[in-house]
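Work through the exercises below with the sequence and the model at hand. Each task is followed by a solution in steps.

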Amino acid sequence: MLILRNLVAGYGGCPALHGVSLTAGDASITAILGRSGAGKTALANAIGGLLPVISGQVLFAGQDITHMPIKTRVAYGICYVPSGRQLFAGMTLLENLQLGAAGLSSGGFARGLDFVLSLLPGLESLLGKPAGVLPAEIQRFAMLARALISAPKLLVLDQPSLGLNGEDTLRLYRVISHVSCECGIAVLLTEQKLFQALKVAESVYRIDKGRIEGEHTALDLLADRVIQAEFPGSEVYAA
């Protein structure tokens, strides 16, 4: 579904990515693992259309989207969820979710809202509250819900567990696994939490200094103590 070919991207002639090539398949989860500053967010931004491409290609569902604007990528079915909290604080949670429904009919939005509330039932009682007063972890889940409203073909998640505790991380990854396995949505995510990502990913790439250092299966990395040592403090949570 998504293919990057020798991608070089950055601002002002200063690349943050150097010849990145990878493939993310349909209805599967692909993890990009790297330490802080390795280039994970730059890669997610390049796929989402926020980081200018200097050379190379971004192909999605057979289309060359390398230089296409964000709104075109969204229309093609790519939905990017950045790290941190990116909600409009003065708007209600419901109004924020409605922003993910651009182009949907009222019936389409209602179906999408029912879907995300079934995945994340704790949001329903908070729909009328201003997003800015919600706890940080709720805002993270709300960003994921907003992205899923329109049933994207590819969900790009930049460090989805950033700032979450163990229980919330586990809950988040259950949702990610569900939308991939049960709904057929392809997921590409970046992470520092090695073991949590390995529990759900079919394919794994390591990135360092803006370069892909290797492609692996989860089983490869679960058996590789040398690579695991690159991620000290990476939490292991029960399934």
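**Exercise 1. Find the residue that follows helix α1 and give the sign of its phi. Then decide how far α1 is enclosed.**

Step 1. Gly 49 comes after α1, and its phi is positive, near 95°. Helices are DSSP runs of H or I with at least four residues, strands are runs of E with at least two, and both are numbered from the N terminus.

Step 2. The model is predicted, with local features needing pLDDT of at least 70 and side-chain atom pairs pLDDT 80 or more, while totals for chains, interfaces and linings use all residues. Residues are numbered from 1 along each chain as its sequence is written, and side-chain values use heavy atoms, with hydrogens and water left out.

Step 3. Helix α1 covers residues 40–48, and 8 of its 9 residues are buried, so the rest of the structure largely encloses it. Buried means under 20% relative accessible area, exposed means over 50%, and partly exposed lies in between (1.4 Å probe, protein chains only).

Step 4. The buried residues of α1 are Lys 40, Ala 42, Leu 43, Ala 44, Asn 45, Ala 46, Ile 47 and Gly 48.

**Exercise 2. Locate Ala 27 and Ala 61, give their phi values and classify their accessibility.**

Step 1. Most residues other than glycine have a negative phi.

Step 2. Ala 27 has a positive phi, near 45°. Its place is the loop between β2 (14–24) and β3 (29–33). With 38% relative accessibility, Ala 27 counts as partly exposed.

Step 3. Ala 61 is not a glycine either, yet its phi is positive at about 50°. The loop between β4 (53–60) and β5 (63–64) holds Ala 61. Its relative accessibility is 53%, so Ala 61 counts as exposed.

Step 4. Ala 27 also appears among the contacts of Ser 180 (contact means heavy atoms within 4.5 Å). Neighbours within four places in sequence aside, Ser 180 is in contact with Ala 27, Ser 28, Ile 29, Ile 185 and Val 187. Ser 180 belongs to helix α6 and is buried, at a relative accessible area of 1%.

**Exercise 3. Compare the span of helix α5 with the expected span, and identify what covers its buried residues.**

Step 1. Helix α5 runs over residues 136–148, which makes 13 residues. From first C-alpha to last, α5 reaches 19 Å, close to the 18 Å expected at 1.5 Å a residue. The expected span is 1.5 Å times one less than the number of residues.

Step 2. Of the 13 residues of α5, 11 are buried, so the helix is largely enclosed by the rest of the structure. Among them are Ile 138, Phe 141, Met 143 and Leu 148.

Step 3. The cover of these buried residues includes β6 (78–81), α3 (93–98), α4 (106–119), β7 (154–158) and α6 (166–181).

Step 4. Arg 171 lies over the face of Phe 141, 4.5 Å from the ring centre. For such a placement, NZ of Lys or CZ of Arg must be within 6 Å of the ring centre and within 35 degrees of the ring normal.

**Exercise 4. What lines the largest pocket, and what lines the largest cavity?**

Step 1. On a 1 Å grid over the protein atoms alone, a cavity is a set of points where a 1.4 Å probe fits but cannot get out; a pocket is an open set with protein on both sides within 12 Å along at least five of seven lines, and lining residues have an atom within 4 Å of a point. Grid points are joined across faces, edges and corners, and a volume is the space filled by probe spheres set on the points.

Step 2. The largest pocket has about 610 Å³ of space. Its lining has 24 residues, with Val 74, Cys 79, Tyr 80, Leu 99 and Gly 100 nearest the centre. The elements giving two or more residues to that lining are α2 (70–76), β6 and α5.

Step 3. There is 1 cavity of 30 Å³ or more. The largest cavity has a volume of about 50 Å³, and its lining consists of Val 81, Arg 140, Leu 144, Leu 157, Pro 160 and Leu 172.

**Exercise 5. Place Phe 88 and list its contacts.**

Step 1. Phe 88 sits in the loop between β6 and α3. Its relative accessible area is 48%, so Phe 88 is partly exposed.

Step 2. Not counting residues up to four places away in sequence, Phe 88 touches Asn 96, Leu 99 and Ala 131.
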